[in-house]
Amino acid sequence: MQSLFLQQSHDFPFEKIAAIDLGSNSFHMVIAQVTHGQLRITGEFGEKVQLAAGLVNGRLDDESQQRGLDCLAQFAQVIEDLPPGSVRVVGTNALRVAKNRYDFIGKAMDIMSHPVEIIAGREEARLIYVGVSRTMDHGDAKRLVVDIGGGSTEFIIGKQLEPILTESLHMGCVSFKQRFFDDGSINKSNFQKAVTAARLELLSIQDDYLDETWDVAIGSSGTVKAAFNIVKENNWSKKGITLKNLKQIQKVLFSAGHIDNLDLPGLKPERKVTFAAGIAILTAVFECFDIKQMDFSNAALREGVLYDIMGRYAETDIRERTVNYMLNQYHIDTEQAKLVTHTALSALAQVKDDWNLNSISSEDLLRWSGLLHEVGAGISHSRYHKHGAYIISESDMPGFSQQEQQALANLILRHRRKFTQSLDYRFTKSDQQDLDRLSILLRLSILLHHDRKEGDMPIFTLKASDKSLHAEFLPEWLNNRPLTLANLQREAESLVADGYTLTFS
């Protein structure tokens with residue numbers, strides 16, 4: 001199974017990149033050529049997997065998993081020659097809620113040589129906005145972007161390239177199809193029930209979004225695309241989608257009476273199953289937000305992921321901005337954090353070959369954990385590692401996948417006290433070993449700066465093999481620091497509990 005810790009380079013090294021969206025309704029992949037910092041889409045692939053339709057008692061059934069794996073096998077053929085780091089695979093709502101998601105992810109990563117990341121709802125919203133804002137120019141106008149997916153619907157208000165509000169609500173065209181149109185019948189009664197349910201979901205964000213205001217409304221993904229194409233094909237409007245158009249579509253839905261009888265110019269056959277549910281959600285959005293007209297964006301999550309890949313190799317990596325924000329938000333002692341981080345990265349440079357920690361993701365995680373290890377100190381000193389882990393684990397952290405966020409929380413939890421502490425989060429065996437080793441390096445760096453003396457940089461050499469680490473310091477350095485010596489002795493005893501040996505001289 002492929003590790004989530006990728007081999008990367010901060011100079012953009014790829015001529016071709018790919019983004020794969022494991023959506024609740026459809027799986028999609030886009031391939032892009034990168035030339036002089038510009039993207040050119042060269043391939044698009046998609047299949048209606050309907051993963052969310054296979055959720056039974058919170059678990060993905062075998063049939064839906066197999067549909068997804070069969071689709072990924074086709075995608076894998078296209079990207080088999082692309083190097084690690086050039087492909088991002090992101091899972092959305094169905095994988096967020098599935099209790100057995102790691103079973104599916106494990107099988108998926110056996111098919112593809114690229115890790116599967118599960119992204120939080122607000123991170124999905126951010127990436128959707130990245131895709132829309134990078135491909136549509138509205139000048140200084142504020143945009144409301146709405147993306148109706150299979151299991152969730154994302155809402156973003158933003159200006160130019162920056163999102164202002166992001167939200168993800170647990171409603172989508174597949175889940176609503178199962179709730180209100182499960183037998184395929186369509187009538188005014190079940191349609192209105194679906195609209196009402198969507199309006200109830202929207203109540204939690206309605207006031208904030210109306211207060212923020214926007215100048216233009218943009219829709220993306222399948223439901224809005226289908227509605228836009230229908231309006232265009234029937235010459236119902238020359239200015240995008242209006243509420244009047246939605247009423248016209250509803251009239252056709254009610255006349256059909258059943259999903260199988262739908263016959264609308266512009267509606268693809270594979271979209272029929274979930275179309276009534278999607279239109280019910282879109283109708284509620286129009287009514288709650290008093291939308292007069294909505295344009296359509298061809299770009300959404302997948303394109304946002306492509307641009308995010310590029311950003312990770314430039315100075316626009318959103319994760320760096322997130323870490324810097326948290327440094328300021330939680331009033332972290334930045335000088336101490338920088339000392340610890342510098343020493344930790346020095347230690348990593350010496351053992352990365354022996355411990356197979358050569359990926360830039362390992363370096364990033366160690367750097368971020370060094371900078372943020374005291375994030376919980378403002379709450380309680382005695383348990384600040386636990387408070388810090390909770391803050392990292394539960395915060396909205398733009399740019400971070402759930403795996404990255406939980407890996408960072410794991411390192412912060414284990415940076416002091418018991419080495420064997422763990423989060424209720426499942427990592428692969430390989431990733432867990434990497435986290436163990438990064439945790440040891442972080443703990444060592446912190447105890448070497450326990451006296452919090454600025455400018456006192458320890459000089460040492462490290463040698464590592466399997467589950468052992470030896471540190472050698474300058475002559476008399478340890479003898480002149482009895483507190484550090486005592487801390488090292490205690491640390492050696494602590495690591496024994498997990499089978500690691502720490503020696504020093």
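1. In which loop does Gln160 lie? In this predicted model, Gln160 is placed in the loop between β9 (153-159) and β10 (162-169). Its phi is near 55 degrees, a positive value in a residue other than glycine. Most residues other than glycine have a negative phi. Gln160 counts as partly exposed because its relative accessibility is 40%, and partly exposed residues fall between the limits of 20% and 50%.

2. A positive phi is also found at Asn356, where the angle is near 55 degrees and the residue is again not glycine. Asn356 belongs to the loop between α12 and α13. With 59% relative accessibility, Asn356 counts as exposed.

3. The UniProt record, an unreviewed entry, carries the annotation "domain: Ppx/GppA phosphatase N-terminal" for residues 30-311. In the model, the end C-alpha atoms of this span lie 17 Å apart. Its content is 49% helix and 21% strand.

4. The count of salt bridges comes to 25. Side chains of opposite charge can pair when their charged atoms come close. Three of these pairs are taken up in the points that follow.

5. Glu320 and Arg367 form a salt bridge in which the closest N and O atoms are 3.1 Å apart. The pair links distant parts of the chain, with Glu320 in helix α11 (residues 318-329) and Arg367 in helix α13 (residues 360-372), 47 residues apart. Is Arg367 buried or exposed? Arg367 counts as buried because its relative accessibility is 16%, and the limit for burial is under 20%. Glu320, by contrast, is partly exposed, with a relative accessible area of 23%.

6. A salt bridge also joins Arg452 to Asp333, and here the closest N and O atoms are 3.2 Å apart. Arg452 lies in the loop between α16 and β13 (460-465), while Asp333 lies in the loop between α11 and α12 (334-351); the pair therefore ties together parts that are 119 residues apart in sequence. Both partners are partly exposed: Arg452 has 39% relative accessibility, and Asp333 has a relative accessible area of 34%.

7. Arg437 pairs with Asp466 in a salt bridge whose closest N and O atoms are 3.8 Å apart. Arg437 is part of helix α16 and Asp466 is in the loop between β13 and β14 (468-473), so the pair ties together parts that are 29 residues apart in sequence. The two ends of this pair differ in their cover: Arg437 is buried at 6% relative accessibility, whereas Asp466 is exposed, with a relative accessible area of 53%.

8. Salt bridges that share partners also build one network. Its members are Arg88, Glu117, Glu123, Arg126, Asp308, Arg312, Asp317, Arg319 and Glu404.

9. Which residues form a positive surface patch? The patch consists of Arg383, Lys386, Arg417 and Lys418. Of these, Arg417 is located in the loop between α15 (402-413) and α16 (429-448). Arg417 counts as partly exposed because its relative accessibility is 49%, and a residue is called exposed when the value is over 50%.

Terms used
Residues numbered from 1 in each chain as written. Predicted model: local features only at pLDDT ≥ 70, side-chain atom pairs only at ≥ 80, totals over all residues. Heavy atoms only, no water. Patch = residues over 30% accessible without salt bridge, like charges linked within 9 Å, V, L, I, M, F, W, Y side chains within 5 Å. Areas by Shrake-Rupley, 256 points an atom, 1.4 Å probe, with all protein chains shown as cover. Salt bridge = Lys/Arg side-chain N within 4 Å of Asp/Glu carboxyl O. Lys, Arg positive; Asp, Glu negative; His and termini not counted. Charge placed at Lys NZ, Arg CZ, Asp CG, Glu CD. Helix = DSSP H or I, 4+ residues; strand = E, 2+ residues; numbered from the N terminus. Buried < 20%, exposed > 50% of the residue type's maximum accessible area, 1.4 Å probe, protein only. UniProt positions renumbered as here; feature names shortened; annotations may be inferred.
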